[in-house]
Amino acid sequence: MTNRPPDLDRTVLDLIDSKTKPVGALGQVESVALQLARATGRPAPRLETCELTVFAADHGIAADGVSAYPQEVTRQMVLNFLHGGAAANVFANAVGASVRVVDAGVAGDPIEHSDLLPRRIAAGTRNFRVEPAMTEAQRDDALRAGRALAENSPADVLCFGEMGIGNTSAATLIAHKVLGLPLAGLTGRGTGLDDAGLARKSAVLGAASERTATTLDAEAALAEYGGFEIATMAGAMLGGALTNRPVLVDGFISTAAALVAIRIEPKAERGLIFAHRSAEPGHSEMLEALTARPILDLQMRLGEGTGALLAWPVVRAASAMLTDMASFDSAGVSGPA
């Protein structure tokens, strides 16, 4: 763990204000730069590489019709990621990020592919409307697997995405149980449910919520309602943040994983940078509860880490501002009168 000087924030803010610009002229980029310093423990971290890891898994709750898409889409999209055809692949290529794909628990037989990272906990979770989604042992295995994946990554900055039909339902209930937010405000259309589908989803989630106590701690909520991809991602966020790498948190499902990570280890919060505001209505509720200000707001709700990838150029620019931009003194430019 990097030793963080007690006056790190002051050092960074003074460094930013010494650059050849009016004070505050770079707006939120300056805030991102401060977040990068906090995440790394260094006043001017040089961050040049970014890696996206996509975690895929299935959910037993999909059998209750909470998604507009059938469960087999999870497996089909894993193959699409591996063949480079998904939005996440295209965006990663556009911004110069690498991509890894992890099977954390896709339904059916294991997928055989040389580029796939197998970390299967089981072939999907159980239906959390009637029973816990996973055992405590499965939850802990997933957290450990994710943490090891992040710790072994060579990248300077880590992005995490997800794929799993039914996972907005899992994220909704995690937020509901951990933060105590009303279920109605968190429940959205996910993959594009119509009004009837949204009503069905709301009813299913209401029944699932009644199965347990009004509020749960993060680890209990993860076991009761989570997905293997969410649990593995939460572990990866812990592994990245606690090894002093900035972690770009994507949208609604990724923020549920971040919530779990923060509640397990509060120190991880300093490494988490919220990349964008999802159009999924519950995401704004979660961001407000976490007092998080996302970098982008593009009305996206795809997942896959796409929002995190699009924030990477801003993050890299903020790092370059700290390391490469001249100061008034070094450039011989007169400062404010």
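**Exercise 1. The two sides of β1**

Which residues point one way from β1, and which the other way?

*Solution.* The structure is a predicted model.

Step 1. In a regular strand, side chains alternate between the two faces of the sheet.

Step 2. From β1, Cys50, Leu52, Val54 and Ala56 point one way, while Glu51, Thr53, Phe55 and Ala57 point the other way.

Step 3. The residues of both sets are all buried. Accordingly, β1 is mostly covered, with eight of its eight residues buried.

**Exercise 2. The neighbours of β1**

Determine how β1 pairs with β4 and with β2.

*Solution.* Step 1. Strands of a sheet pair through backbone hydrogen bonds, in either the parallel or the antiparallel sense.

Step 2. β1 (residues 50-57) and β4 pair in the parallel sense, over seven bridges. Within this pairing, Val157 of β4 is the bridge partner of Cys50, and Val54 stands opposite Gly161.

Step 3. Seven bridges also join β1 to β2 (residues 98-105), and these strands run parallel. Here Ala56 has Asp103 of β2 as its bridge partner.

**Exercise 3. The order of the sheet**

State the order of the six strands in the open sheet, and identify the edge strands.

*Solution.* Step 1. The order is β3-β2-β1-β4-β5-β6, with parallel pairing.

Step 2. The edge strands, each pairing on one side only, are β3 (116-118) and β6 (272-274).

Step 3. On average, neighbouring strands of this sheet are turned by 30° against each other, direction ignored.

Step 4. On the β6 side of the order, two bridges join β4 to β5 (residues 247-249), which run parallel; Cys159 stands opposite Leu248 there. Three bridges pair β5 with β6 in the parallel sense, and Val247 stands opposite Leu272.

**Exercise 4. The cover of β4**

How many of the residues of β4 are buried, and which residues lie on each side?

*Solution.* Step 1. β4 spans residues 157-163, and seven of its seven residues are buried.

Step 2. One side holds Val157, Cys159, Gly161 and Met163, and the other holds Leu158, Phe160 and Glu162. Both faces of β4 are thus covered.

**Exercise 5. Leu117 in an edge strand**

Describe the setting of Leu117, which lies in β3.

*Solution.* Step 1. The relative accessible area of Leu117 is 22%. Buried requires under 20% and exposed over 50%, so Leu117 is partly exposed.

Step 2. Apart from neighbours within four places in sequence, Leu117 is in contact with Arg100, Val101, Val102, Asp103 and Leu149.

Step 3. Asp103 is 14 residues away along the chain from Leu117, and their C-alpha atoms are separated by 6.2 Å.

**Exercise 6. Two helix crossings**

Characterise the packing of α6 with α8 and of α1 with α2.

*Solution.* Step 1. Two packed helices are described by the angle between their axes and the distance between the axes.

Step 2. The axes of α6 (residues 167-179) and α8 (residues 195-210) come within 11 Å and cross at roughly 45°. Therefore α6 is oblique to α8. Their crossing is right-handed.

Step 3. On the α6 side, the contact is made by Thr168, Ser169, Thr172, Leu173, His176 and Lys177; on the α8 side, by Lys201, Leu205, Ala208 and Ser209. By class, the residues of this contact are three nonpolar, five polar and two charged.

Step 4. For α1 (residues 8-17) and α2 (residues 28-40), the axes come within 10 Å and cross at roughly 140°. Angles over 145 degrees would count as roughly antiparallel; α1 and α2 are therefore oblique to each other. The crossing of α1 and α2 is right-handed.

Step 5. In this contact, Leu8, Asp9, Val12, Leu13 and Ile16 of α1 meet Glu30, Ala33, Leu34, Ala37 and Arg38 of α2. The contact of α1 with α2 has seven nonpolar, no polar and three charged residues.

**Exercise 7. Positive phi in two loops**

Is Asn244 buried or exposed, and is Thr291 buried or exposed?

*Solution.* Step 1. Most residues other than glycine have a negative phi. Asn244 has a positive phi of about 65°, and Thr291 has a positive phi of about 50°.

Step 2. Asn244 lies in the loop between α10 (228-241) and β5. With a relative accessible area of 12%, Asn244 is buried.

Step 3. Thr291 is placed in the loop between α12 (281-289) and α13 (306-324). With a relative accessible area of 71%, Thr291 is exposed.

Note on methods: Residues numbered from 1 in each chain as written. Predicted model: local features only at pLDDT ≥ 70, side-chain atom pairs only at ≥ 80, totals over all residues. Heavy atoms only, no water. Axes fitted to C-alpha atoms, helices over the stretch in contact; angles between N-to-C directions. Helix = DSSP H or I, 4+ residues; strand = E, 2+ residues; numbered from the N terminus. Parallel < 35°, antiparallel > 145°, perpendicular 65-115°, else oblique. Left-handed = near helix turned anticlockwise from the far one by under 90°. Contact = heavy atoms within 4.5 Å. Nonpolar A, V, L, I, M, F, W, Y, C, P; charged D, E, K, R; others polar. Buried < 20%, exposed > 50% of the residue type's maximum accessible area, 1.4 Å probe, protein only. Pairing = 2+ DSSP bridges.
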